[in-house]
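Please open the structure in a viewer and keep the selection tool at hand. The stops below are meant to be visited in order.

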Amino acid sequence: MQLTMDERKSDVLGAHPEKQKLKEDILRHIRVTLGNDPERPDRFSCYLGLAQCVRERLLDRWIDSQRALYDTQSKRVYFLSLEFLPGPFLRNYLISLGLEEAARQAVGELGIDLNDLEEEENDPGLGNGGLGRLASCYLDSMACCGVPGYGYGIHYDYGIFQQSLENGYQREQCDNWAQLGNPWDVQRRRHVFQVRYFGHTETYEDDQGRLRRRWTGGQSVNAMANDILIPGYGNKFVSNMRLWVAQSSREFELHDFNQGDYIGAVQAKVLSETISKVLYPSDEHESGKELRLKQQYFLVAATMADIMRRFKQQSSILADLPDNVAIQLNDTHPSIAVAELMRILVDDEGMGWDEAWSICGRTFAYTNHTVLPEALETWPVDLMSRLLPRHMEIIYEINNRFLEHVRREHPDEPHLPEKLSLIQDGPVKMVRMANLAIVGSHTVNGVAELHSRIIKEDLFNDFERVFPGRLQNVTNGITPRRWLYQANPNLSNLISSRIGSGWVRDLDQLTRLIPLADDEDFRKEWQASKLVNKQRLARYILRHTGIGVNPTTMFDVQVKRIHEYKRQLLNILHVITLYNRLRDPDGPPVTPRTVIFAGKAAPAYYQAKLIIKLINSVAATISADPAAYNKLRVVFLPNYCVSQAEKIVTAADLSEQISTAGFEASGTGNMKMSLNGALTIGTLDGANVEIMEEVGRENIFIFGLTADEVAETRQVGHDTWSYYHGNAELRQVLDMISNGFFSPEDPQLFRQIVDPLLYGGDFYLLLADYAAFVAAQEEVGRAFEDSDGWARMSILNTANMGKFSSDRSVMEYADRIWQAKTLVE
């Protein structure tokens, strides 16, 4: 099933053998599929024509792959995630098909540049941040490694939001990403499943005289399958993610329509279809909470129905389900699947509880993505009982049986059942969804070695005692196809020219670059490749913000969701420190930097949004001061997304991974930038620990309190004012922020940022880590001044990133958790 790899430069191959056929197919689709004149194709028509050509080639391979799955009776993996963040598809598809150069030549003959054509494709609004991007990396690796599996999610009409800046503040607009359609959608109108909500349960006697429970009445909505194809690189295996679209079970009420109530006639249809309208609707109000829970069950109910449909095509023996099906729950969002499978087996299939529970426990696995107890999802029992009454009964039954087991096995610990219970008592009883996922799964994994240690020793310590060995680790990874080969063609070509292209499928081969770190000519080529990427990003920044930046300065990058624990605020404190040094004629020298921020704050997260405002206010102040000219520039790039990330991570010199130790489960932005040769400044948090172990302590800048020291500091407390009075630079920075230096129009504006640090206990320990962070940044500046030494460290970072391929992660899941065999070598 191996492909002949396509070289990426036309001057190597000349005319690509597929060029003419591809060009003819593009023109045919412009005429036949789009109904446009192929004699005068515009850029958008050409994009859609090329997309149709790619789609039909992928569908041929998808059909062959599905036949192989049925022929081999392979165990299948179902990866359930409420979000995916795939990024634009076109170039990824072309690379996987070996048609990138053919497409470049074909559209070139039509007078269009392929790079311009790709700008016609919007980033799909199917996810928000690291969780969704990780899921997409795993689907890519499953296809590349030939793991027989599928992703399951929701086809949102609108993404999280489009972020813009207005006077430095974040503003949210509707992200109507698919307003012009999505050529990659494959609608499966025959795969429609009914999803029930509300109603009631009742007891009845079945044909064999047994008393049974059933769920009846209520409302229903249809879930229609919509596939987006996921091709493997270097093979002909194509899988898919199946995204569900909500459709009303009735188009409209004819009686109401005929009575003149036109709005009432379609009201039920509109309300039903809101389920797949928006990613993460606000849950500040009761209606928002209800919609979120509806979304989660919508995903789960449709997916479980589809899994059972496919399984029954292979076997009529339900006991064989765990041998044929592995279901991975990506975080707690789909964990209601545990109760849903029990409902199917007990209510629909008439199976006894014990046998059903055994099947359930051997089918599910759960990935935890947080170390914060408050981030573990819970739902009010009242809401669950009203919306999903049968599931609430099943959860209570699971809980009762589980707690009986705990009492029996741990009779000397009377408080243990309360800690482990699926139901949290209090003024408002809550269902603990993580506990449900842990009890109902055979394996629970963390996503970095430190994270997994924390959940074993702290977060889920009691579960580790009750279920020894159930909690494991699978360190996250990223796909090298998207994040190096596709995003960074200059560096990819340089690497392949020296060690071949095998690294694209086997990232461990990058270790062959290690000797080249001592090759002067190679270091110069490496630096030249980075400069090209920085120049590209500089043009992008100018185009999107109007700000000019110098690509010869250090590009100091922090791009991620805006959250207090990720400590963008600590970064801006350092920026102001540098600014003050530049303003002081006797201040120490400052290495020229361009500090680049990007990321979205949740619409209701006031403090995070105020931090964005502070960043932009500081940026404006520095930009207007001649003292900082050509020495310091700050940029906040709005609307961070995958396509923007591809431009940023490939141009970064310094990767800011500075979360409070013990708070970041893993992180993958750290991996992406290190893979592209950025050096990391970071705490010993998440995957930073493992990156340090791989690249070497001498090739990374580590600072700050460790996770254990953070916990100890929290326990004994710390005097925030001692940092303020003991560090003159810190005191000056905090005074400038709180006294309105960066907000003269509203001098009190940023006191709400400083007060929690000084008066509120500095929960994320910025003040405690400030001095160490500044010292580490001074070390960074000195290292960057030695451009040859920096290039050597950069090469060694890339060379030692093989562990962080999502191929390695997926194969660990396949071997240790899913027990799934691959279909390709």
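Select helix α27, residues 688-695 of this predicted model, and colour N688, V689, E690, I691, M692 and V695, which are buried. Because six of the eight residues of α27 are buried, the helix is largely enclosed by the rest of the structure. To see what surrounds these buried residues, add helices α18, α26 (669-675) and α33 (787-799), together with strands β20 (654-657), β21 (679-682) and β22 (701-702); the buried residues of α27 pack against each of these elements. Then step to G696, which follows α27 and has a positive phi, near 100°.

From this group, keep α18 and select its residues, 449-459. Helix α18 lies across strands β15 (443-446) and β16. Relative to β16, α18 runs at about 170°.

Next, display the sheet to which β15 and β16 belong. In what order do its nine strands lie? The order is β5-β8-β9-β2-β1-β10-β11-β15-β16, in an open sheet with mixed pairing. At the edges are β5 (186-197) and β16 (471-473), each of which pairs on one side only. Viewed along the sheet, neighbouring strands are turned by 25° against each other on average, with direction ignored.

Move now to the β5 edge and select its partner β8, residues 219-231. The two strands pair in the antiparallel sense over nine bridges. For a single position to inspect, centre on Q194, which stands opposite N222 in β8.

The next stop is a pair of helices. Select α12 (residues 337-348) and α15 (residues 389-409), which pack with their axes 9 Å apart. How are these helices oriented to each other? The angle between them is about 95°; angles of 65 to 115 degrees count as roughly perpendicular, and α12 and α15 are therefore roughly perpendicular to each other. Show the side chains where they meet: V338, A339, E340, M342, R343, V346 and D347 in α12, and R390, H391, I394, I395 and I398 in α15. The residues of this contact divide into seven nonpolar, one polar and four charged.

Finally, select Q314 in helix α10, which spans residues 286-314. Is Q314 buried or exposed? Its relative accessible area is 17%, and because the cut-off for buried is under 20%, Q314 counts as buried. Show its contacts as well: leaving aside residues up to four places away in sequence, Q314 touches Q73, S74, R76 and N324.

Note on methods: Residues are numbered from 1 along each chain as its sequence is written. This is a predicted model: local features need pLDDT of at least 70, side-chain atom pairs count only at pLDDT 80 or more; totals for chains, interfaces and linings use all residues. Side-chain values use heavy atoms; hydrogens and water are left out. Two strands pair if DSSP finds at least two bridges between them. Helices (H or I, at least four residues) and strands (E, at least two) are DSSP runs, numbered from the N terminus. Axes are lines fitted to C-alpha atoms, for helices over the stretch in contact, and angles run from 0 to 180 degrees between N-to-C directions. Contact means heavy atoms within 4.5 Å. Angles under 35 degrees count as roughly parallel, over 145 as roughly antiparallel, 65 to 115 as roughly perpendicular and the rest as oblique. Ala, Val, Leu, Ile, Met, Phe, Trp, Tyr, Cys and Pro count as nonpolar, Asp, Glu, Lys and Arg as charged, and the others, Gly among them, as polar. Buried means under 20% relative accessible area, exposed over 50%, partly exposed in between (1.4 Å probe, protein chains only).
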